[in-house]
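The following questions and answers concern a predicted model. Each answer sets a computed value against the rule that applies.

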Amino acid sequence: DGFGWGAGAVMTHTELERRLREPGVPADLRGVAMIQCVGSRDTKRPYCSRVCCGQALRNAIYIRREYPGTEVVIMFREMRSYGVNEDLYTEARKLGVRFVRFADDDYPSVETKGSRVLVKARDIILGSEITFEAGILSLAAAMRPNTEDNLRLARMLKVPLNQDGFFLEAHAKLRPVDFATEGVYLAGLAHSPKGLRECVVQGRAAAARAATVLSRDFLETDGAVAKVDVNFCSACGACADVCAYGAVSVEDVVIRRVTVRKAVVNEVLCKGCGTCGAVCRCGAIDVNGFSDAQVVSELEYLLRGAPCGCV
């Protein structure tokens, strides 16, 4: 990553927190530098990992309280201490933690000198370069999705991923823990980077949402589902290929004592989106209530001019 992670003095915020909890004063705790947004909020991963700034502030506060003689410098692009974590920023400033802001395209440079680390950064507020020698360099590593497993699971459940590789909910505000695929729910880091408290709240919401389905004796489905006219279907499979819900398949069916290949719609899975009807070259698929004949009739009625007050 260009910062020497893996060397004894260079670690992530999580590794630093683990080291601080070990018994005894760490011998290399003579100065601590922290660099934020390492591997995130860039062209490859434009999203914010959300927990990094809060964790850096908590580590810095702990160090200044337990080892008052240790100087702590946090180098950042933007401090994003979400929610009540803003109080951590105020407390860190009161305890003497130094904050150095660098430009988006001008990350600090790191040079290892034995057991020490020399960090250079250009402070855009002061307009000058600063140099800090530290015993520990702590990095805010990006929170990344498990892209390979997510893709495999997304194909299996027929649910979408966003451009960053996280799972995408049906609607951010109206259906925040639902997928477009019914019966599958979303919570935690699978959705996006977030803190433990947010994961717990979202997990409870997903469980409550699932309970609204499991508690019912039966479920009602929407009447607007696709139907196939077997007289026109050529079993080309185009409808099955585009169906996002896996509701259409090409199967062997018996018509007038003859087994033929035709498209078949699973009405439980169908959401009535009409995609299958749009791609059907034979005009064999319609959605109940929105057939081609009905739509054409409505258009012709409007073009002829509806009676006054009807439209």
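Q: What makes strand 3 and strand 4 a pair?
A: Two strands pair if there are at least two bridges between them. Strand 3 (residues 71-76) and strand 4 (residues 98-101) are joined by four bridges and run parallel, so they meet the rule. Val 73, for instance, stands opposite Arg 98 in strand 4.

Q: What unit do strand 3, helix 3 and strand 4 make?
A: Together with helix 3 (residues 86-94), the two strands make a β-α-β unit, and this unit is right-handed.

Q: Which strands are the edge strands of the sheet with the order 1-8-2-3-4?
A: This open sheet of five strands has parallel pairing. Strand 1 and strand 4 are its edge strands, as each pairs on one side only. From one strand to the next, the twist averages 25°.

Q: How do you know that strand 2 and strand 8 pair?
A: At least two bridges are required. Five bridges join strand 2 (residues 31-38) to strand 8 (residues 136-141), and therefore the two strands pair. Met 34 stands opposite Ser 138 in strand 8. Helix 2 packs on this sheet, where it touches strand 2, strand 3, strand 4 and strand 8. The direction of helix 2 makes about 175° with that of strand 2.

Q: Which residues of helix 2 and helix 3 meet?
A: Helix 2 (residues 52-66) packs against helix 3 at an angle of about 35°, and the axes are 9 Å apart. Their crossing is left-handed. Gly 54, Leu 57, Arg 58, Ile 61 and Arg 65 in helix 2 meet Leu 88, Tyr 89, Glu 91 and Ala 92 in helix 3. By class, five residues of this contact are nonpolar, one is polar and three are charged.

Q: Why is one side of strand 5 and of strand 7 left without a neighbour in the sheet?
A: Three strands form an open antiparallel sheet in the order 5-6-7. Strand 5 (109-113) and strand 7 (128-134) stand at its edges with a single partner strand each, so one side of each has no neighbour there. Five bridges join strand 5 to strand 6 (residues 116-123), and Glu 111 has Leu 118 in strand 6 as its bridge partner.

Q: Why is the pair of Phe 3 and Tyr 107 called tilted?
A: Ring centres must lie within 6.5 Å, and planes under 30 degrees apart count as stacked, over 60 as edge-to-face and the rest as tilted. The centres of these two rings are 6.4 Å apart and their planes stand at 55°, so the pair is tilted.

Definitions and conventions:
Residues numbered from 1 in each chain as written. Predicted model: local features only at pLDDT ≥ 70, side-chain atom pairs only at ≥ 80, totals over all residues. Heavy atoms only, no water. Right-handed = clockwise from strand over helix to strand, strands pointing away. Axes fitted to C-alpha atoms, helices over the stretch in contact; angles between N-to-C directions. Left-handed = near helix turned anticlockwise from the far one by under 90°. Contact = heavy atoms within 4.5 Å. Nonpolar A, V, L, I, M, F, W, Y, C, P; charged D, E, K, R; others polar. Phe/Tyr/Trp six-rings, centres within 6.5 Å; stacked < 30°, edge-to-face > 60°.
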